[in-house]
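Work through the exercises below with the sequence and the model side by side. Try each task before you read its solution.

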Amino acid sequence: METVKHPISDRVFTLYGFEPYQRVDGEWTELKLWQTTCRTCKQPFTVKTPKGVKGYMDANVFQLVNCPQHRGK
């Protein structure tokens with residue numbers, strides 16, 4: 001199983017699947033689905049990245065520490 005660990009926050013994101021995605025130009029590709037837990041409520045939440053993403057330097061979503069309900073609080 002593929003995981004990404006952010007070196008500053010120590011958050012671990014685990015790849016658990018893929019989702020089909022149609023780009024603006026009409027081409028189909030896949031998004032990677034990653035799961036981590038919310039720092040506030042401890043519940044799991046999902047972030048999505050392009051299929052080519054390999055690590056925390058490739059996508060800003062790996063900086064997220066809270067689920068959508070707790071962001072900015």
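Contact here means heavy atoms within 4.5 Å. The model is predicted: local features need pLDDT of at least 70, side-chain atom pairs count only at pLDDT 80 or more, and totals for chains, interfaces and linings use all residues. Residues are numbered from 1 along each chain as its sequence is written, and side-chain values use heavy atoms, with hydrogens and water left out.

**Exercise 1. Place Cys67 and list what it is in contact with, leaving aside neighbours within four places in sequence.**

Step 1. Locate the residue. Cys67 sits in the segment after S4. Strands are DSSP runs (E, at least two residues), as are helices (H or I, at least four), numbered from the N terminus.

Step 2. List the partners. Beyond its neighbours within four places, Cys67 touches Cys38, Cys41 and Phe45.

Step 3. Check the accessibility. Cys67 has a relative accessible area of 4% and is buried. The classes are buried (under 20% relative accessible area), exposed (over 50%) and partly exposed (in between), with a 1.4 Å probe and protein chains only.

Step 4. Add a distance. The C-alpha atoms of Cys67 and Thr36 lie 8.9 Å apart, across 31 residues of sequence.

**Exercise 2. Work out the strand order of the open sheet and name the strands at its edges.**

Step 1. Read the order. The open sheet has 4 strands, ordered S1-S2-S3-S4, and the pairing is antiparallel. Two strands pair if DSSP finds at least two bridges between them.

Step 2. Find the edges. S1 (3–5) and S4 (44–50) each have a single partner strand, so one side of each lacks a neighbour in the sheet.

Step 3. Note the turn between strands. Neighbouring strands are turned by 40° against each other on average, direction ignored. Axes are lines fitted to C-alpha atoms, for helices over the stretch in contact; angles run from 0 to 180 degrees between N-to-C directions.

**Exercise 3. Trace the two hairpins and find the residue with positive phi in each.**

Step 1. Take S2 (residues 12–22) and S3 (residues 28–37). They pair antiparallel over 8 bridges. Gly17 has Leu33 as its bridge partner in S3, and Gln22 has Trp28.

Step 2. Look between these strands. The hairpin of S2 and S3 has 5 residues there, and Gly26 takes a positive phi near 95°.

Step 3. Move on to S3 and S4. They run antiparallel and are joined by 7 bridges. Thr37 is partnered by Pro44 in S4.

Step 4. Look between S3 and S4. This hairpin has 6 residues between the strands, and Lys42 has a positive phi near 70°.

**Exercise 4. How many salt bridges does the whole structure hold? Describe three pairs: Glu2 with Lys32, Glu19 with Lys48, and Asp25 with Arg23.**

Step 1. Count. The search finds 4 salt bridges (a side-chain nitrogen of Lys or Arg within 4 Å of a carboxyl oxygen of Asp or Glu).

Step 2. Take Glu2 and Lys32. Their N to O distance is 3.5 Å. Glu2 is in the segment before S1 and Lys32 in strand S3, 30 residues apart. Glu2 is partly exposed at 30%, whereas Lys32 is buried at 7%.

Step 3. Take Glu19 and Lys48. Their closest N and O atoms are 3.0 Å apart. Glu19 lies in S2 and Lys48 in S4, so the pair ties together parts 29 residues apart in sequence. Both are partly exposed: Glu19 at 27%, Lys48 at 42%.

Step 4. Take Asp25 and Arg23. Their side chains meet at 2.9 Å, N to O. Asp25 is exposed at 51%; Arg23 is partly exposed at 38%.
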